[in-house]
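Good morning, colleagues. Please take a moment to look at the structure on the screen before I go through its cavities, its aromatic pairs and its overall form.

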Amino acid sequence: MSQQPRESTTFHAITGQREAGRVEYGNPFAKKMYLVVDSVPEMQRAMAMTLNSFGAEKVEYAGKPSDALVKLMRYDFDVVLCDYDLGTGNDGLYLYEEAKERNLLKQSCVFMIVSGERRAAKVISAAELAPDGYLLKPFTGVELGRRLEMAMRRREAFKVVDDALMSHDYLGAIEACNKKITERGEFALDFMKLKGSLALKIGDYDSAQALYKQVLQVKEMPWARLGMAKALAGQKQVEPALAMFEQVIVENDRVMEAYDWLARLYQDNHDLSRAQEILKRATELAPATVRRHQVLAEVAEENGDLLQARSAYSTVLNLAKSSWHRNPSQYSALVRTQLACGEKAEAARTLASLRRDYKYNQEGEWMADVVDSAIQNSSGNKQAAARLLQSAADRLGQLGKLSDDQKLEFARACYTQGQKELGDQVARDMVRNHHDNQDLLQKLSAMFDQVGQGDAGRQLIASSVQDIVNLNNQAVHMAQMGEHDRAIALFQQALEEMPQNTQLMLNLVNAVIAQTHRHGWNESHVRQAHQLLQKVRELDPANSKFQKLLQAWRVLISQHQKQEFQL
């Protein structure tokens, strides 16, 4: 049994003093479940001792972000106390944002960051979806208790939106926010902040702009200024949005979201050099964010700066290797730029790492063959390259978990090696399943330019998108004419060919709802619609059409008293 560290030393390291006896508050701490995230085990135990002195009974620990995420998936925590510096390059704010993005924190959960660095306060306070505050070390147990009790009281008010948010019912959560805002209670401003972020999430930029304008007329709030800039960007008011994001950074250069949005706007307006410059600065300020390095690499590659692209892709792989962000396409992207820079030996080493890290993983081994074919082709071994590519093509239909980036890399290899028909088939399938995903379409367009298929590729994208639009219009017209069975059949047929097309899924659900209202219950159709809604909730829960259909679906199921189909 390992020896326990001396209590006094560890306790002083966090709280600056020893607390005597158990503090009773009658008791807001006793029934809560706590997660302490700190890379130093002694600090974990010291924080647990402090919580125990308040009456806390259920305390879990995590030493790194990946462990914390696993715990958050497993348990329903009421309070998370997280150190700012987690010793892995990722900070506590990054963990908070990751957990929020994965919907692992209920709205009533208190998330507080502990730090010994004053610079952390500036970073944390700038975030739009900021945690419940931060504590600077050293602090007393009394101070921690006071801050926690205040935060728990505030978060208790948000229990009214917990169920809606955890089930991705964002319109229901917005409705609950509206009620609280109308009451003009103590936390009305907090509910306005939540409502604004939800409006942005589902693409309701007009409502978001109106809310942020209302807040800013009363008081200058950094989060409202950032939210207003996002709303303007969503409304395609590019110049005002650019100016506002720039102003946000001038006032606080640690608002990392502002850099991301600025870069995205410049990229959308084909100013790749400016976008690359902004992302480079952002990665220097916050060097441990995988996704930002990924975007920098993609923008630099599209901009023709292969050295910067190779460097950024290398950073992505190094950061992601021991995290939940790792995927095989990161290896392939690095190999691609290594080959473009003439670094064949380095590319071979990256391929060896891919084969080692993904041994016995079907998708990883498939990606390794695609990458190997590119290396063989670059080295002049055309027959070996062709065999590897054909082997990957033969297995393509058997692998259901391939990401869009992996399919994109396969299409790239096909075009590079003269297999245009096969490349077109894969690219067309991607467009038909994701015809309204502008980010993916932009990646495809950039890939076509890089392989010398620019005009032909853009024509393929345009014609594939138009095919889906025409099919949707035809089925929607049938439904409007009351021919719901024919519309449903058409959507069903289309989904057999394009099983990942979210818009087709939602249009089929809409047709089923209309048919049920007009002609009565059809168990088979309702069951399929229920399955499709569950699938869309996993793929794209913030989709505005999904949010509206979710409300209509709940009304329909309640009317027919078929609770087994409720979402």
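**Cavities, rings and overall form**

This is a predicted model. When the whole structure is searched, three cavities of 30 Å³ or more are found. The largest cavity holds about 60 Å³ of space.

Which residues line the largest cavity? They are Lys32, Asp78, Lys106, Ser108, Val110, Met152, Arg155, Glu156 and Lys159. By class, the lining of the largest cavity has six charged residues, two nonpolar ones and one polar one. Helix α6, which covers residues 141–156, contributes the most to this lining, with three residues.

I turn now to the aromatic rings. The count comes to ten aromatic pairs. One of them is formed by Tyr75 and Phe77, an edge-to-face pair with 5.8 Å from centre to centre and 70° between the planes. Are these two rings buried or exposed? Tyr75 has a relative accessibility of 30%, so this residue counts as partly exposed. Phe77 has a relative accessible area of 3% and is therefore buried.

A further pair joins Phe245 and Trp261. Why is this pair called stacked? The ring centres of Phe245 and Trp261 are 5.9 Å apart and the planes meet at 25°, so the pair falls in the stacked class, for which the planes must be under 30 degrees apart. The pair links distant parts of the chain, with Phe245 in helix α12 (residues 238–251) and Trp261 in helix α13 (residues 256–268), 16 residues apart. Phe245 counts as buried because its relative accessibility is 0%. Trp261, at 18%, also counts as buried, since the cut-off for that class is under 20%.

Trp261 has another neighbour to point out: Arg264 lies over the face of its ring, 4.5 Å from the ring centre. Elsewhere, the charged end of Arg326 sits over the ring of Tyr358, at 4.6 Å from the centre of that ring.

Let me finish with the chain as a whole. Its secondary structure consists of 28 helices and five strands. Along the principal axes, the C-alpha trace spans about 75 × 65 × 50 Å. How does the radius of gyration of the chain stand beside that of a compact globule? For 567 residues, a compact globule would have a radius of gyration near 24 Å, and the chain has 26 Å, so the two agree. Of the 567 residues in the chain, 52% are buried.

Methods. Residues numbered from 1 in each chain as written. Predicted model: local features only at pLDDT ≥ 70, side-chain atom pairs only at ≥ 80, totals over all residues. Heavy atoms only, no water. 1 Å grid on protein atoms, 1.4 Å probe; cavity = no way out; pocket = protein on both sides within 12 Å on 5 of 7 lines; lining within 4 Å. Points joined across faces, edges and corners; volume = space filled by probe spheres on them. Helix = DSSP H or I, 4+ residues; strand = E, 2+ residues; numbered from the N terminus. Nonpolar A, V, L, I, M, F, W, Y, C, P; charged D, E, K, R; others polar. Phe/Tyr/Trp six-rings, centres within 6.5 Å; stacked < 30°, edge-to-face > 60°. Buried < 20%, exposed > 50% of the residue type's maximum accessible area, 1.4 Å probe, protein only. Lys NZ or Arg CZ within 6 Å of the ring centre and 35° of its normal. Rg over C-alpha atoms; globule rule 2.2 N^0.38 Å.
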